[in-house]
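Below are some remarks on the model, set out as numbered points to be read with the structure in view. They go from the chain as a whole to two of its sheets.

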Amino acid sequence: MKAKNLHFRTLKESPNEAEVPSHNLMIRSGMIRKLSSGIYIYMPLGLKVLKNIEGIIREEMDKIGGHEVVTPLVQPADLWKITNRWESMGQELLRFKDRNNRDFVLQPTSEEVFVEIARSEIKSWKQLPKIFYQIQTKFRDERRPRFGLLRAREFVMKDAYSFDTDTSKAEETYNLVFSSYRNILRKLELEFKPVIADTGEIGGSKSHEFHVLADTGEDELVFNPKSDFAMNIELAAVTQEKEKREKPSQSMSEIRTPNLMTCEEVAKFLAVPIMSIVKSLVIVVGGNTNEDQTNFYLILIRGDHRLNEVKLTKLFKGATWRFATKNEINNQLESVAGFVGPVSINSRVRLIADLSVINMSDFIVGANILDKHLGGINWGRDLREPDIVADVRFIKDGEFSAEAGGRVMIKRGIEVGHTFFLGSKYSKAFDASYLDSAGVKQYFEMGCYGIGLSRLAGAIIEQHHDTKGIIWPKNVAPFTLVICPIDFEKNADVKSISEQLYRELKRRDIRLLLDDRGERTGRMFIDWELVGIPFRLTFSPRLLTEKKVEIFIRSSDEKFKINIGNMVEEILKIIKN
């Protein structure tokens, strides 16, 4: 393509709303344009990138026997009511009515529709296994869309659904797709981690998230750099540090701590390690009552640790819970927000001690009195033993984990893919079955798998960019090579050889752009470095007198000259290297 025929517009200034590099660079390079909050137009350059990613994903899915279909973006609510996700999906599921007052949704995922496909199309075990997939627009009404394509409301996703005869076969298919996702991310030249994950709203018994490592990622990942172990931090179990409780060496004492309500402030004021402080968090479990104290729990966690809300929810087996209000703390617990502690707390308030707290001695807690803490606190002597001892905190970087088999590292990641082993959850809900070899009705064993195309585009930029712009991997870039002729309109030789090379490389199926705009050299270079084209070839009157052309490699910032006589072969060799 020639640049004059390409619609694109680059911007010098960063958009005000851009919080991460990918959002900033995709707008500045003309890849996307914002239409509404979390909703973007894919401009020609951005669409080329998306199509290249799509091609890689489609190739890998076809390799494992996937059958591509496309389901409607608009789906009848009746399907979603069968699985109760009409209610459980909450406000992210965009619901609306048609002119006949019938309920519909904009699909955020498509388990229901694909189970309906299997129910109507697959009757016999001889038709199994099956993997159906689609590459299609999805919509989730995100409460706070941000980071451009990394958390958009409308996005492009490849979702797939597998149907098998039994659990072992379904596991084989799950592993097949898992390996396919690895191959996709490797082809996209991404540093990534597959991590054990929570099954969440979709459900099932097994789940993995695929995360691209990036400082701007919203998720924290725990992994052992010496093994394949990796998991979402919300699920990482913690090993009990102290196996034995030491005997008290201090007496309980009241300490004045004026206006000091955080563990950090108290530790600094008292010049003690923050690990010697225990913070108290008050929650209300079940319903919205603020009168029955049996619904109140006091969670005790070491001052340097963070409460893990996912673990806490699992502890209560999915029961609803919330943090107590200041009024509830003041009126029901007869305490003071910011100075809550377990000593002399009402016996109807149950105590939950984190593993890191249960064997502590001589620790500091809130005194339930304004501007007061208590020091030298010990279990049994100063406060009752806890009702529940559990792992309810996040693991820390460098901490030993028996689960990981060593000390762990924590890095941030961008979730770009998710795999779920569903079992028969959805097939039973739909009564979706087949006849086995004995003619007996059996329910499908299922898996579902998603990988975000538009999010991948953003994630690639988060790993591949510099101060000048995007650095696309060559199999993703909108063009592999751009020819930048200096004095294109003024020098006949430059124009002639540029167009000659352009025609020759097009015959070799190189994704190629000729900048025939007649722009200044600096403007051309700035534009294409911002856009991130992997290779740039420069012709100029001076270079032609040397019988040379200059090639620039975007990923390494290398420049070198090659002879015009064998430039086609040299260019092809460099591009394919």
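**Notes on the predicted model**

1. The protein chain holds 16 helices and 33 strands, and it should be kept in mind throughout that this is a predicted model. Taken along the principal axes, the box filled by the C-alpha atoms is roughly 95 × 70 × 50 Å.

2. On burial and surface, 54% of the 577 residues in the protein chain are buried, that is, they have under 20% relative accessible area. The accessible surface comes to about 26300 Å², and carbon and sulfur atoms account for 48% of that area.

3. As to contacts, of those in the protein chain that link residues at least 6 apart in sequence, 69% are between residues at least 24 apart.

4. The charged side chains number 85 positive and 81 negative, and the centres of these two sets are 4 Å apart.

5. An open sheet of three strands, with antiparallel pairing, follows the order S13-S19-S18. Its edges are strand S13 (253-256) and strand S18 (363-366), and because each has a single partner strand, one side of each remains without a neighbour in the sheet. With direction ignored, neighbouring strands of this sheet are turned by 30° against each other on average.

6. Within that sheet, S13 and strand S19 (residues 372-377) are joined by four bridges and pair in the antiparallel sense; here Glu254 stands opposite Leu374, which belongs to S19.

7. A further open sheet consists of five strands in the order S30-S29-S31-S32-S33, and its pairing is mixed. Strand S30 (512-514) and strand S33 (558-563) occupy the edges, where each has a single partner strand, so that one side of each lacks a neighbour in the sheet. The average turn between neighbouring strands of this sheet, again with direction ignored, is 20°.

8. Which strand does S31 join through four bridges? The partner is strand S32 (residues 548-553), which runs antiparallel to strand S31 (residues 535-539), and Leu537 is placed opposite Ile551 of S32.

9. Helix H14 (residues 521-531) packs on this five-stranded sheet, where the helix touches strand S29 (481-485) as well as S30, S31 and S32. The direction of H14 makes about 170° with that of S29.

Terms used
Residues are numbered from 1 along each chain as its sequence is written. This is a predicted model: local features need pLDDT of at least 70, side-chain atom pairs count only at pLDDT 80 or more; totals for chains, interfaces and linings use all residues. Side-chain values use heavy atoms; hydrogens and water are left out. Two strands pair if DSSP finds at least two bridges between them. Helices (H or I, at least four residues) and strands (E, at least two) are DSSP runs, numbered from the N terminus. Axes are lines fitted to C-alpha atoms, for helices over the stretch in contact, and angles run from 0 to 180 degrees between N-to-C directions. Contact means heavy atoms within 4.5 Å. Buried means under 20% relative accessible area, exposed over 50%, partly exposed in between (1.4 Å probe, protein chains only). Accessible areas come from the Shrake-Rupley method with a 1.4 Å probe; for residues, only the protein chains shown count as cover. Lys and Arg count as positive and Asp and Glu as negative; His and the chain ends are not counted. The place of a charge is taken as NZ of Lys, CZ of Arg, CG of Asp or CD of Glu.
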